[in-house]
Amino acid sequence: MAKNADKSLVIVESPAKARTIGKILGADFQVEASVGHVRDLPNKADQVPEQFKAFDWAKLGVNVQEGFQPLYIVPPDKKQQVTKLKKALKECKDLYLATDEDREGEAISWHLCQLLQPKVPVRRLVFHEITEEAIKEALASPRDIDEQLVKAQEARRILDRLYGYEVSPLLWRKIGYGTSAGRVQSVATRLIVQRERQRRAFVSATYWDLIGLFANTGGQEFKAELMSVDGRKIPSGDDFDSATGKLANEQCIQLDEKGVHELAERLRKAEFRIVSVEEKPWRSAPYAPFTTSTLQQEANRKLGFTARHTMRLAQGLYENGHITYMRTDSTNLAQVAVQAARDLVQSEYGGDYLPEKPRVYSSKVKNAQEAHEAIRPAGHPFETPQAMKAALSNDEYRLFELIWKRTVASQMKDAHGRRITIRIEGERAVFQTSGKIIDFAGYLRAYVEGSDDPEAELADQETLLPQVAEQEKVDCRNLEEKSHTTQAPARFTEASLTAELEKRGIGRPSTYASIIDTILNREYVFKKGKALAPTWTAFLVVRLMEDHLSRLVDYEFTAEMEEQLDAISRGEAEHLKYLQRFYFGDGDPGLKPRVDSKMEEIDSRESRRMILGQPESGEHTGPIYVCIGKNGPYLLQENPDGERKANLFDQLPPDELDVPAALELLAKAEKGDEPMGIDPATQKPIFLKLGRWGPYLQLGMVDDEDKKTVSLKGIPHDDLDLETAIKLVSLPKTIGEHPESKEPVLACHGPYGPYVQCGKERRSLPRNTLPWEASLEQALQLLAQPKRGSKQLIKQFEESPVTGNVVQLMEGRYGPYVADGTTNASLPRDMNPDEVTFEKALDLLAERAAKAPPKKKRGAKKKAAKKTPAKKAAKKKTGKKKTKKKGGKKATKE
């Protein structure tokens, strides 16, 4: 008999989840991790099984000719784990599939069943929190795999594959290799590009107003803002036309600096009195508990976390039993959770803050994700953040505290108070000020959206005004003349982009973090502070899709696609009919014919450039284009006497490039063709050049075999003189001899800035230190320090349950990382190495392994896989029918 024949095998996705559930279930259960998906569509041509390679559809991984049957394979990096699971299953009496309760989790369970082919009873366990009560309840009421959810996930996967694999090659050919398209990715990029277009088209306007400092008869001072003069309203930013910068509201008066100064002089002699005092009640209800989307938005606003970091932390909190499942669109709370929150309101804040009846929230999102609860602290009663502090990292604690406060606040009474508006008039000028009084703080005692300290925020939210009465005279003690400039629409941040996508019904909140990662990694977008700014590549990709594949980036069409996929998950629509219509068309052309027709129709030269503008006067008046080349974006001006070109920085925001700025860059590029001077040591010319990665010096002509380039990173270059340039091109410079090795110590400058070197040892110089200013003493001190780039063991853990190798925390050239002999995973930038536990290391490795591309095969196998066109044609002709039958849901045997 097998050694574990009396045990039950439980399979979950991650090692962390396996450990937590294993502790709950005890010795009668063996809990293993699948480490994410165990089967997927092939990502590369060499992953396609040999018998399918001859078919046109093989590159898609989907047999579009036979009912859109997906071709599933076990990725190379998952084969070892699958073998381990098969072995474990042979030694157990039954199988429990305890993957997450959403579509992805259901699909993983289905794939495990298909792959493991269990001969023992199989049960599906579903729970939304990892607590003893929830796990035992799931064991007591298991269910079968939900085939409808599996079909819904499969339809999404196939649709996304068809979209990406058909459109991306078009972009490669017409714009450049490395560009890509995606069902949600492309629409998200379009939103960001459209916002940047608005910023580029925006024309600012300036207007002036007055801020008056007044005092009542008791001498209490307060400030008020000028609202109108002679019956005409002082404008705000919304009263101006963003395209022209002119006043669009005729009822307003636009004061300039002179006009506001004259008005101030006139009003200084005026008598002012209170013309009205209005008091209105206000009431504010608590926010609903967190969904995935609102958690990402609030963690970004309040804690400064990226969507990816928030989801990573939430995943860890869930898998370790601290919060409920973190991928959900639901705002509902279970009855026990409502009671737990109400108990905390009573104990922490008192009965005055507890409403008579529990608050009930309903989701506004169509077809809310299959998880049935909002994100909340796990179990009941809830653990307090303070009690959890020792068990969590700093960021985990802050996120848990945010979730805890939001959940508790959702069951508290409304906040209410009064808003007071005072209007003051003198010499036909009306000033106004507003105050806010909080009579009862209610839920604001626990949670203020966007604030990290509710108590401090409460004080900021109250604006107290002095007591005044209508017709009371007030003294004007000062008038401040204030200028205002209208602002272009703000760029999207991760939080506002997530909110916009959700509002439009595009994509699923659980995927927003990966979508933002994708558009950043594809270099369609870069971060400027917290804002998401598009690159010129994004501009050209979006323009091509708007002009030629407009439906694919249409917001309403994309939302309708989401609704159709949701209908499939509810069993209201048939997925094959939808895929057939989307791909081949039904009346209107589908994806495939549309893309095929555009391959020849689109002019590659024109698709790689866009008009920036044309100078109206000057020496060079030809049109200026932004183009995309092999080395990135560049400017091109076509003049009658020839072309001018200039490289563009990759991270130059498009709204900062207009015609005057482009002419300046083109002029600088022309100067780059003229030498700054001659290097006295080599008698070669020195050029100041502008490249994709920034400015640099070139010593010698372009065609010189021994030409030398020097990056200007860390060197002020706007007013770079010849003397400094000569010093830079003369580097490296010997500054002394090492007292021990007797080797020369050199001061150098490279692509990453200035550094010192002795033998093979290098160390960076501090910021703002010029290489030739480094002393021997300073260099020796730096060289004596441990090398940042060297691999150094920080901490050693136990053996990995996946690879069997010891897990180590290392310090590497690019920072700390964990390794298990097979996979290396960098620590997130905001994770302190001191906070890394064995469990966290395994989670990071599992996440990295799930994303890692398979290693390329070398040698004879790759060569043997090549086929002549004749052989391919023969295989298509003779083997197509037979192969089609093998291209369905069953994966190829590995």
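Me: Why does threonine 734 count as exposed?

Reply: Happy to walk through that one. In this predicted model, threonine 734 has 51% relative accessibility. Exposed means over 50%, so threonine 734 counts as exposed at 51%.

Me: Where does threonine 734 lie, and which residues is it in contact with beyond its neighbours within four places in sequence?

Reply: Threonine 734 belongs to strand β26, which spans residues 733-737. With neighbours within four places in sequence left aside, its contacts are Pro744, Val745 and Leu746. Contact means heavy atoms within 4.5 Å, so that is the criterion behind these three names.

Me: What separates threonine 734 from arginine 428?

Reply: Along the chain they are 306 residues apart, and their C-alpha atoms are separated by 77 Å.

Me: How do you know that β10 and β11 pair, and in which sense?

Reply: Strands pair if there are at least two bridges between them. Strand β10 (residues 272-284) and strand β11 (residues 415-426) have 11 bridges, so they pair, and the sense is antiparallel. One of the bridges puts glutamate 279 with isoleucine 420 of β11.

Me: What makes β11 and β12 a pair as well?

Reply: The reasoning runs along the same path: the requirement is at least two bridges, and β11 shares 11 bridges with strand β12 (residues 429-440), again in the antiparallel sense. Glutamate 425 has valine 430 in β12 as its bridge partner. The hairpin of β11 and β12 has two residues between the strands, and in it glutamate 427 takes a positive phi near 55°.

Me: How do you know that β1 pairs with β5?

Reply: Four bridges join β1 (residues 8-12) to β5 (residues 94-97), and at least two are needed, so the two strands pair. They run parallel, with valine 10 opposite tyrosine 96 in β5.

Me: Which sheet holds β1 and β5, and which strands are called its edge strands?

Reply: They are part of an open sheet of four strands, ordered β2-β1-β5-β6 with parallel pairing. The edge strands are β2 (29-33) and β6 (122-124), each of which pairs on one side only. On average, neighbouring strands of this sheet are turned by 25° against each other, direction ignored.

Me: Which strands does helix α2 touch, and which does helix α3 touch?

Reply: Helix α2 (residues 79-90) packs on the sheet and touches β1, β2 and β5, with its direction at about 165° to that of β2. Helix α3 (residues 103-116) also packs on the sheet, touching β1, β5 and β6, and its direction makes about 175° with that of β6.

Technical notes: Residues are numbered from 1 along each chain as its sequence is written. This is a predicted model: local features need pLDDT of at least 70, side-chain atom pairs count only at pLDDT 80 or more; totals for chains, interfaces and linings use all residues. Side-chain values use heavy atoms; hydrogens and water are left out. Axes are lines fitted to C-alpha atoms, for helices over the stretch in contact, and angles run from 0 to 180 degrees between N-to-C directions. Buried means under 20% relative accessible area, exposed over 50%, partly exposed in between (1.4 Å probe, protein chains only).
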